[in-house]
Amino acid sequence: MRTKIVAGNWKMNMNFSETKDLINALSAQSQTSDAKVMIAPTYTNLPSAVEALENSSIEVIAQNMHFAENGAYTGEISASMLKSIDISTVILGHSERRAYFNETDADLAKKVSQALANEMAVVFCFGEELEDRKSSQEEAVVKSQLKNALFHLEADDFKHIVLAYEPVWAIGTGETASPEQAQDMHAFIRKTIASKYGDEVADSVSILYGGSVKPGNAQEIFSKPDVDGGLIGGASLKADDFFTIVNAI
Ligand code: PGA
C-alpha cells in the first residue's frame, strides 16, 4: 500500500500572523481521509508552525534547502538547520526554483543527497514545460530529470523519496492536466523507476500530482491508480479548500 499524501506548498505567502491564522483554521478542519497531510510555510514561520502543530498529524515541511552542510552561502538554509527545528521533510526541485533561481538537475542531485545524509525525506518535483508537451517531448524530459537528479541513489533511499509530477504549464495557471494525462505520466514515471530499481521500489514510491489542483477537480485526479495524492499551491492557502482536497483522496 502506497502512502497517500496531500502537501500544501505555501510558497512566498503568509506572514507571521497570517501563518498563525491559517494554522488555526487548518487545525479546526476535520480529516475524513487517511492521507498524510503536510504544509510548507516559508522559512521564517517554520519554528512557530512546528510548535503550533506539535500535537497534530499535520507535518510541517520546508520548501527548499542548500546542498552544502554549512559555510559561506549568504541567505541559504542547510539541512541540519531544518533538522534542528524538527523539520524532517523538504521539497526540492520545484519548477519555480528551477526557473527563477536556475537550479539544475546537477544541483538537485546534490541537494537530494544532502537531505538524505541528514535523514530527511524529500518531495522531489519535476515536470515538463508547455513546449516540451507541444513537441511530444514530455516523457523524454521527465525521464532525464529523474535520471540526472535521482538515479545516483540506492534503491533503499527511495523509502525517503516522494515524487511530485508537476507539469510547468499547469502550475498556478488554472490549467490542469486531465486525469488521463496525469495517469499516463504517472504510469510512465513508475515504469521509469522500475526499469532502474525494479518493481518493488516503483510500486512503493508515492507519486503526487501538482498543478492547479482545486476542490472541484481533486477527486477525479486522485481516483487514478498511479496518482497517490497532490502537491497543492494556491488552493492550500484556504483551509476549507485544502481540506476538501485532503478529503477527496
Ligand atoms: P498550484 O501550484 O496548485 O497553485 O498550481 C502547485 C505547485 O506549485 O506545487
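Start at the ligand: 13 residues surround it, and K11, H94, E166, G172 and S212 come nearest; a residue is near if one of its heavy atoms lies within 4 Å of the molecule. This is a predicted model, where local features need pLDDT of at least 70, side-chain atom pairs count only at pLDDT 80 or more, and totals for chains, interfaces and linings use all residues. Residues are numbered from 1 along each chain as its sequence is written, and side-chain values use heavy atoms, with hydrogens and water left out.

Now look at the ligand's oxygen atoms. One is 2.6 Å from an N or O atom in the side chain of E166. An oxygen atom of the ligand also sits 2.9 Å from a polar backbone atom of G233, and the backbone of G234 has a polar atom 2.9 Å from a ligand oxygen too. The protein covers 97% of the 280 Å² of accessible area that the ligand has on its own (Shrake-Rupley method, 1.4 Å probe).

Next, the charged pairs. Side chains of opposite charge can pair when their charged atoms come close. The structure holds twelve salt bridges, each a side-chain nitrogen of Lys or Arg within 4 Å of a carboxyl oxygen of Asp or Glu. E103 is a good place to look: it pairs with R97 at 2.9 Å and with K111 at 2.8 Å, N to O. E103 is buried, at 8% relative accessible area, while R97 is partly exposed at 22% (buried is under 20%, exposed over 50%, partly exposed in between, with a 1.4 Å probe and protein chains only). K111 is buried as well.

Elsewhere, R2, R190, D226 and D228 are linked in a network of salt bridges.

Methods
Polar contact = N/O pair within 3.5 Å; in protein donor to acceptor, adjacent residues only side chain to side chain.
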